[in-house]
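User: I would like to learn how to read a structural model feature by feature, going from a single residue out to the whole chain. Could you take me through one?

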Amino acid sequence: MATQDGISKSVRDDHPSHYTVKIRSFSQLAKHSVEKYESGEFDAGGYKWKLVLYPNGNKRRKVENHISLYLALARSNRPGWDVHATFRLFLLDQNRYNYFMVEDASGKRFHGRELEWGFDKFISLKDFNGGSNGYVLDDNCVFGAEVFVSKEKRKKRREYLTMMKDSIMKKDDWKIENFSKLDAEFYESNPFEVGDQIWKIRFYPKGYGFGEGNYLSLYLILTDSKALPPGMKIYANLTLSILDQLQAKPESHKTNFWFSAADPCSGWAKFTPLTKFTELNNGYLVKDICQVEAKVEILGKVKILE
């Protein structure tokens, strides 16, 4: 066991008592520029917690060449709570089937201004990727957590984050006719399927939110979000475009987003100014028709098991 400034590092055989998250295709996190990943919530000691992972180090704290891993008190807890807890964070060695463990035995105080504590340099990327250590096997790895507070009630949940090596992509086109006669707040495309989920494009002809009155607003909606299992999230790259019917120069916006039951919608309130859209030479509106395109690429999924 190595100890420094109250932080100890050791190896143990027992599984983490409260939570594990398995990440499949870990290398895809960096490929798709996922700087930070927050796990689903889990219960320990009567409170809800999350794991927060920076696969290439916490850049805000100027961490390089290390994985940063933290424990966070979830914001879903009642406001005003002040929790003192000791905790252990884990990484599975899949060759020896034991766990590398880092512990802050002195404990930390979690409250409204300090919701997150942990280890900037949880493990070096050199050690993490070293084949003999077994921390990454077939591009999969497993992190875990234990949290100890007073009157603790243990309940273990497992989380699986799978990043797709072969992403699932689909394009959907939508022709909107008689634009000048559109008088509803918004319109939706026919549903289309990508990655076992059902999606729609939502179009606000007079804008929505900060774009109302001066912009077109355009969104992608996960329409079957309420049917998702608790804790499930879908990481997707989406590109929404209004096609240029004259010069094939579309107006496009692109982003990555975690879709879930709580956040089933992503897009742009200020997608494009109405003055630009209605200018005939731009080709976005021809014979009172516009064409909208959505490209949806599923990059990863999170599932929770009790």
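**Reading a predicted model**

Analyst: Leu29 is found in helix H1, and since this is a predicted model, what follows is a reading of computed values. A single residue is a convenient place to begin.

User: How should I read its exposure: is Leu29 buried or exposed?

Analyst: The general idea is to compare relative accessibility with a cut-off, and buried means under 20%. Leu29 has 0% relative accessibility, so Leu29 counts as buried.

User: Which residues is Leu29 in contact with, once its neighbours within four places in sequence are left aside?

Analyst: Those contacts are Ile23, Val34, Pro55, Leu161 and Met163. Sequence separation and spatial distance can also be read side by side: Leu29 and Leu299 are 270 residues apart in sequence, while their C-alpha atoms are 9.1 Å apart in space.

User: Where does Ser25 lie, and what does Ser25 touch?

Analyst: Ser25 lies in the loop between S3 and helix H1, the helix of residues 27–31. Its relative accessibility is 8%, and therefore this loop residue counts as buried. Not counting residues up to four places away in sequence, Ser25 touches Asp139, Asn140, Met163 and Lys165. Met163 thus appears in the contacts of Ser25 and also in those of Leu29.

User: What does a contrasting loop residue look like, for instance Gly209?

Analyst: Gly209 lies in the loop between strand S15 (197–204) and strand S16 (215–222). Because its relative accessibility is 47%, Gly209 counts as partly exposed. As for distance, Gly209 and Asp127 are 82 residues apart in sequence and 48 Å apart in space, C-alpha to C-alpha.

User: How do I go from single buried residues to a core, and which residues have the most contacts inside the largest one?

Analyst: The idea is to ask which nonpolar residues are joined through their side chains. Here the largest nonpolar core has 43 residues, and Trp49, Phe122 and Phe143 are those with the most contacts inside it. Strand S8 (residues 83–93) provides the largest share of this core, namely 5 residues. Apart from that core lies another, of 33 residues, which includes Val194, Leu218, Leu222 and Leu274.

User: How many cavities of 30 Å³ or more does a search of the whole structure find, and which residues line the largest?

Analyst: The search finds 1 cavity of that size, and the volume of the largest cavity is about 50 Å³. A lining is read by naming its residues and then sorting them by character: Val21, Ile23, Tyr37, Ser39, Leu51, Leu53, Leu69 and Phe143 line this cavity, and they divide into 7 nonpolar, 1 polar and no charged. Strand S3 (19–24) and strand S6 (47–54) each supply at least two residues of the lining. Phe143, one of the lining residues, is also among those with the most contacts inside the largest core.

User: What does the record say about domains?

Analyst: An unreviewed UniProt entry carries the annotation "domain: MATH" for residues 16–147 and 169–296. In the model, the span 169–296 is 4% helix and 51% strand, and its end C-alpha atoms lie 6 Å apart.

User: Finally, how many helices and strands does the protein chain have?

Analyst: The protein chain has 3 helices and 20 strands, and its C-alpha trace spans about 75 × 45 × 35 Å along its principal axes. Of its 306 residues, 49% are buried. Among contacts with a separation of 6 or more, 68% are between residues 24 or more positions apart.

How values were computed. Residues are numbered from 1 along each chain as its sequence is written. This is a predicted model: local features need pLDDT of at least 70, side-chain atom pairs count only at pLDDT 80 or more; totals for chains, interfaces and linings use all residues. Side-chain values use heavy atoms; hydrogens and water are left out. A nonpolar core is a set of buried Ala, Val, Leu, Ile, Met, Phe, Trp, Tyr and Cys residues joined through side-chain atoms within 4.5 Å. Buried means under 20% relative accessible area, exposed over 50%, partly exposed in between (1.4 Å probe, protein chains only). On a 1 Å grid over the protein atoms alone, a cavity is a set of points where a 1.4 Å probe fits but cannot get out, and a pocket is an open set with protein on both sides within 12 Å along at least five of seven lines; lining residues have an atom within 4 Å of a point. Grid points are joined across faces, edges and corners, and a volume is the space filled by probe spheres set on the points. Ala, Val, Leu, Ile, Met, Phe, Trp, Tyr, Cys and Pro count as nonpolar, Asp, Glu, Lys and Arg as charged, and the others, Gly among them, as polar. UniProt positions are given in the numbering used here, feature names are shortened, and annotations may be inferred rather than shown by experiment. Contact means heavy atoms within 4.5 Å.
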